[in-house]
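Here are some short exercises to try with the sequence and the 3D view side by side. Have a go at each one before you read its solution.

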Amino acid sequence: MENLSLRIPKILKSLRQEKGWSLDRASQETGVSKAMLGQIERSESSPTIATLWKIASGFNVSFSFFIQDLNQNQSMHRIGNPEQLHPKDDKIFVMPIFPYDEKFRFEVFVIELLPGCEHFSPAHQKGVVEHIIVASGELEVFVRGAWHSVKEGEGLGFEADQSHGYRNLSKQKAVFHDIIHY
Ligand code: MN
């Protein structure tokens, strides 16, 4: 796979061209400043997870759209050691296990939250649903104005077309799978 830091600027530029959006328009749609978008496109700045999620939502593409491997065209996916996205965020690690699937319209991530992490995700497009399954540890998920505790082995599904968040108040790392349906 091509390096992430090369792929993200390329994909952002091509998305913007495809839509015919100026930096101004892209900034309005994503809630990310024009200056930041320009810096990302010129590879002067790497987006954080939160910024990348805003960009994906604004352009109405899946999160893993940015990490897609354009050369991959297999009928079977087997993923062992997923690439971490994005190393700049020190308390949240997002690793795509199954990148966005065109046919079934879902993507699956492994997400690790270190103790003390609190991460808010912008609203996704209408109809987007997330299912979270906790693999180890314990976390809280913010949905419809309240935090909900989800423990190891438990799951939580929710409509993600509104602001939502994940946090780890425990002293141990929390690991969960996040299945996102579009
Ligand atoms: Mn989300």
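**Exercise 1.** Along strand β3 (residues 118-121), which side chains point to one face and which to the other, and which are buried?

*Solution.* Keep in mind that this is a predicted model. Begin with H119 and S121: their side chains point to one face of β3, and both residues are buried. Now take E118 and F120, which point to the other face and are not buried. The side chains of β3 therefore alternate along the strand, with buried meaning under 20% relative accessible area.

**Exercise 2.** Find the partner strand of β3: how many bridges join it to strand β8, and how do the two run?

*Solution.* Strand β8 covers residues 164-167, and 4 bridges join β3 to it. The two strands run antiparallel. For a landmark, look at S121, which stands opposite H164 in β8. S121 is also one of the buried residues from the first exercise.

**Exercise 3.** Trace the open sheet: what is the order of its 5 strands, and which are the edge strands?

*Solution.* Step across the sheet in the order β1-β2-β9-β4-β7; the pairing is antiparallel. The edge strands are β1 (92-101) and β7 (155-159), since each pairs on one side only. From one strand to the next, the twist averages 20°. Next, zoom in on β4 (residues 129-136) and β9 (residues 174-181), which are joined by 7 bridges and run antiparallel. Within this pair, E130 has I180 in β9 as its bridge partner.

**Exercise 4.** How do helices α2 and α3 cross, and which residues make the contact?

*Solution.* First locate α2 (residues 23-30) and α3 (residues 34-41): their axes come within 9 Å and cross at roughly 110°. Angles of 65 to 115 degrees count as roughly perpendicular, so α2 and α3 are roughly perpendicular to each other. The crossing of α2 and α3 is right-handed. On the α2 side, the contact is made by L23, D24, A26, S27 and T30, and on the α3 side by K34, L37, G38 and E41. Sorted by class, the contact has 3 nonpolar, 3 polar and 3 charged residues.

**Exercise 5.** How many of the residues of helix α4 are buried, and what follows the helix?

*Solution.* Helix α4 spans residues 49-58, and 8 of its 10 residues are buried, making the helix mostly covered. The buried residues are I49, T51, L52, W53, I55, A56, S57 and G58. After α4 comes N60, whose phi is positive, near 60°.

Conventions: Residues numbered from 1 in each chain as written. Predicted model: local features only at pLDDT ≥ 70, side-chain atom pairs only at ≥ 80, totals over all residues. Heavy atoms only, no water. Axes fitted to C-alpha atoms, helices over the stretch in contact; angles between N-to-C directions. Helix = DSSP H or I, 4+ residues; strand = E, 2+ residues; numbered from the N terminus. Parallel < 35°, antiparallel > 145°, perpendicular 65-115°, else oblique. Left-handed = near helix turned anticlockwise from the far one by under 90°. Contact = heavy atoms within 4.5 Å. Nonpolar A, V, L, I, M, F, W, Y, C, P; charged D, E, K, R; others polar. Buried < 20%, exposed > 50% of the residue type's maximum accessible area, 1.4 Å probe, protein only. Pairing = 2+ DSSP bridges.
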